[in-house]
Amino acid sequence: MMDVTRDTMMAYLDGQLDGDARAAVDAWLAENPDSAIELAQLQRQNEAINALFGPVAIEPVPPRLNPHRLALAHSRRRWQSAARAAVIVGVLGIGIAAGWLLRPVTDTPALYNRLIADAVSAHTVFVAENRHAVEVAGTETDHLTSWLSNRLGTGLAMPDLATAGLSFLGGRLLPAPAIPGGRAAQLMYEDSAGERVTLYITPSAGIDGPNLELVRMGSDNALYWASATITCTIVGPQSAETLQALADSVFAQLTPAATAPAYREL
Amino acid sequence: MVDFLDELEACVPALRRYARALTRNIDHADDLVQDCLERAISRRGLFRPSGPMRPWLFTILVNLHRNARRTELRRGTHLDADSLPDLGTPAPQHSHLALAELSRAIDGLPLEQKETLLLVTLEGMAYAEAAGILDIPLGTLMSRLGRARANLRLSTGEAQEPHLRSVK
């Protein structure tokens, strides 16, 4: 009688033996009841593992695990980042040209233009995120208000844009590289079609520039405005008119005392 | 490209099952599968279309899980092993109590034994395929598998009390 090793027993159990080898183990098991019992136990162990986790495979798959959808997001992200990088370079170029033409005190592009470029770059990075689009969710409005107001050193309410069909996703704190040691708040909104709009808000102390300016950036528009206390750049794929209407609403909610400035296009 | 994505899609249920068994947490498991699919999509240029898809995906998944575990350990955080596991609805012939005990026992296995055991028993992989995914020799695979099974029998009390086993 041949001796059946543990490995052969396991291969028998896991269905990895061919006909002859199976028959040999069958014959051996008939004469070794202890081993047959042990094998039956292992068999039950296998079945229990499959009973535990097997049903997961017939659960409906959540949409976020659909490869077609993931591939679409992947190629869109790649295309958008390339296109937007080109656009940002363009905007910086405009800023540099404007700075040169206006011959201001410094050689660098006007601060407000760099703020617009930063706002667009932050928009590009975070609207592409699904799970990590915001740091604090829009449901925690009170926390967002007190946290971001503290960090920016100026009172900042969370504008409600529901009347414009935008739901509030939440916000995050960002560095504002244009301002030494500066901080910015990014607030994100989404419309029913899934298009996202971001507000990029900084304190306005020390920033010279127009009160309101619109910059076309490829598929996105960026609308910048400044009040006595804050600057806000609204970035999104919507039309200039839509952004202007949004800006009026945001302006009224963030700086209730002042009147909204008229805008000019760059 | 459509073929690639369709093939990928066909593997998702098995990847979810394996990830769920590894992590016992539906959110962690699905995050892992999403990361795995995103890697696969971004690396498809490096993928030999002639090679089989399944072992390649499982290799990515196993490595992502190991990385995530290392990061957790370094951060000092850990998954709460006592929290209720997110299991599928178990088949009725096994008692919930016995299955919960087995689930805890699997969770207590060393990671290398758990990875091996689940590839073979849950995913029904051939030994050579599983060894390829884990990048270990066949002999190592067999010894891990044997130890995993022995450990489970010990921690679920079956080795001492064979008479308690229920008839299936």
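**Chain B and its interface with chain A**

In this predicted model, chain B has a mean pLDDT of 80, and 76% of its residues reach 70 or more. Within chain B, helix H3 (residues 53-75) has the lowest confidence, at a mean of 84, whereas helix H5 (residues 111-121) has the highest, at 95. Two stretches of chain B call for more caution: over residues 79-85 the pLDDT is below 50, and this stretch has seven contacts in the model beyond near neighbours in sequence. Residues 160-168 of chain B likewise stay under 50 in pLDDT, and for them the model has seven contacts beyond four places in sequence. For the complex, the predictor gives an ipTM of 0.82 together with a pTM of 0.54.

We turn next to the interface. Here 53 residues of chain B are in contact with 38 residues of chain A, and the two chains bury about 4,300 Å² between them, 60% of it on carbon and sulfur atoms. Of the area that chain B buries against chain A, 14% is supplied by B:Gln34, B:Arg149 and B:Arg153, which is more than any other three residues supply. The polar side of this interface comprises 18 residue pairs in polar contact, both residues of each pair being at pLDDT 80 or more. The side of chain B that touches chain A draws at least two residues from each of helix H1 (2-23), helix H2 (26-42), helix H4 (96-107), H5 and helix H7 (138-155) of chain B. Helix H1 of chain B gives the most to that side, with eleven residues, and by class the side holds 27 nonpolar, ten polar and 16 charged residues.

How many salt bridges cross between chain B and chain A? The rule finds seven across this interface, while a search of the whole structure finds 16 over all chains. One of the crossing pairs is A:Glu59 with B:Arg16, whose closest N and O atoms are 3.7 Å apart. Because A:Glu59 lies in the loop between helix H3 (33-53) and H4 of chain A, and B:Arg16 in helix H1 of chain B, the pair joins two chains. Their surroundings differ in accessibility: A:Glu59 is partly exposed at 23% relative accessibility, whereas B:Arg16 is buried, with a relative accessible area of 3%. The side chain of A:Glu59 also meets that of B:Arg20 in a salt bridge, at 2.7 Å from N to O, and a network of salt bridges links A:Glu59, B:Arg16, B:Arg20 and B:Asp30.

Another salt bridge is formed by B:Asp35 and A:Arg131, with 3.9 Å between the closest N and O atoms. Since B:Asp35 lies in helix H2 of chain B and A:Arg131 in the loop between helix H5 (111-127) and strand S1 (136-137) of chain A, this pair, too, joins two chains. B:Asp35 is partly exposed, with a relative accessible area of 28%, and A:Arg131 is partly exposed at 38%.

Within chain B, the side chains of B:Asp107 and B:Lys114 meet in a salt bridge of 3.5 Å, N to O. B:Asp107 is partly exposed, with a relative accessible area of 25%, whereas B:Lys114 is buried at 3%.

Finally, in chain A, A:Ala86 has its place in helix H4 (residues 67-102) and is partly exposed, with a relative accessible area of 48%. The C-alpha atoms of A:Ala86 and A:Met217 are separated by 9.5 Å, although these residues are 131 residues apart along the chain.

Conventions. Residues numbered from 1 in each chain as written. Chains lettered and ligands numbered in written order. Heavy atoms only, no water. pLDDT = per-residue confidence, 0-100. Helix = DSSP H or I, 4+ residues; strand = E, 2+ residues; numbered from the N terminus. Contact = heavy atoms within 4.5 Å. Buried area = accessible area lost by both parts, 1.4 Å probe. Salt bridge = Lys/Arg side-chain N within 4 Å of Asp/Glu carboxyl O. Polar contact = N/O pair within 3.5 Å; in protein donor to acceptor, adjacent residues only side chain to side chain. Nonpolar A, V, L, I, M, F, W, Y, C, P; charged D, E, K, R; others polar. Buried < 20%, exposed > 50% of the residue type's maximum accessible area, 1.4 Å probe, protein only.
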